[in-house]
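Thanks for coming, everyone. Please bring up the model on your screens, and we'll go through it together.

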Amino acid sequence: MSEVKKIATRDSYGNALAELGKEADNLVVLDADLAAATKTGVFQKAFPDRHIDCGIAESNMMGIAAGIASTGKVPFVSTFAMFAAGRAFEQVRNSIGYPHLNVKIGATHAGISVGEDGASHQCNEDIALMRVIPGMTIINPSDDVEAKAAVKAAYAYEGPVYLRFGRLAVPVINDHADYKFEIGKGVTLRDGSDMTLIATGLCVSGALEAAEKLAADGIDARVINIHTIKPIDEELIIKAAQETGKIVTVEEHSVIGGLGGAVAEVLSEKCPTKMLRIGMEDVFGESGPAVQLLEKYGLDAEGIYKKVKAFQ
């Protein structure tokens, strides 16, 4: 069996911007002295006149992007998730969210898979922060194919969008002819009748692998990829809850306020269902190799499998 192709979604982001720049003259990319890390350097090389390095001044960068958006151009602002959602929260809320400007935020290096950079840079709170901003769309792609599709969809969408990308290379799982990306619509990757694993971002491939392990134990698990956290696909979630009776959410983010919180909100109001949230359990991360950290916090396939088994 050939080895599974792996690509970091931050690489996908940079490549998608460069491709999109060829056909979209109104696309402008801003970065905060991190073009090499966020991979917007690919766009910078191709379109130097449309790339602005704002320096280590993320809050100011959001204000600049808001001004550019008000002229009719489409700015993509890029920095680490910790700085985009954390440091610049007030500017994102007041300068971009409140006037509902057409700014796209490319937040890379999200979650504990940032690895050796440690807890200060491992943003496990960004989805929760962005979710509470009225009118903010949030997309957390699972692989290279989905990340590229998300960038194009975000460009075409009118309004603020938060795009979450990772540092760690992840398996490409959506490379098939019938793949379709639509903002606000989840994707059923594996059918099942005993329970449903609802995953997002980096954890989607792990959830699929965990489902195969569960199948070997006689547990038939459905797997749903929720790439758009907001607006969330309520119809698909409720359908899965009604048909399988149990829901497990899996995310590289705090269990508070992220995918798990969003799904719990839907189900508690419209279809009360037995549920388990897998993610960061109200703790900060720590410095270490990304793969080992995912294992330690139970966010790899084996960890997901063990937690779901215990949930039975």
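**The sheet and its helices**

Let's start with the sheet. There are 5 strands in an open sheet, ordered 9-11-10-13-14, and the pairing is mixed. Bear in mind that this is a predicted model.

Which strands sit at the edges? Strand 9, residues 187-190, and strand 14, residues 274-280. Each of them pairs on one side only. From one strand to the next, the twist averages 25 degrees.

Now the strand 10 and strand 13 pair. Strand 10 covers residues 195-199, and strand 13 covers residues 246-254. The two run parallel, joined by 4 bridges. Look for leucine 197: valine 248 in strand 13 stands opposite.

Next, what packs on this sheet? Helix 10 does, touching strand 9, strand 10, strand 11 and strand 13. Strand 11 is residues 221-225, and the direction of helix 10 makes about 175 degrees with that of strand 11. Then there is helix 13, residues 301-311. Helix 13 lies across strand 10, strand 13 and strand 14. Relative to strand 14, helix 13 runs at about 155 degrees.

Last stop, a helix pair. Helix 10, residues 234-244, packs with helix 11, residues 259-270. The angle is about 65 degrees, and the axes are 10 Å apart. The crossing is right-handed.

Who makes the contact? From helix 10, Glu234, Ile237, Ile238 and Ala241. From helix 11, Val263, Val266, Leu267 and Lys270. By class, these contact residues are 6 nonpolar, 2 charged and no polar.

That's the tour. Over to you.

Note on methods. Residues numbered from 1 in each chain as written. Predicted model: local features only at pLDDT ≥ 70, side-chain atom pairs only at ≥ 80, totals over all residues. Heavy atoms only, no water. Axes fitted to C-alpha atoms, helices over the stretch in contact; angles between N-to-C directions. Left-handed = near helix turned anticlockwise from the far one by under 90°. Contact = heavy atoms within 4.5 Å. Nonpolar A, V, L, I, M, F, W, Y, C, P; charged D, E, K, R; others polar. Pairing = 2+ DSSP bridges.
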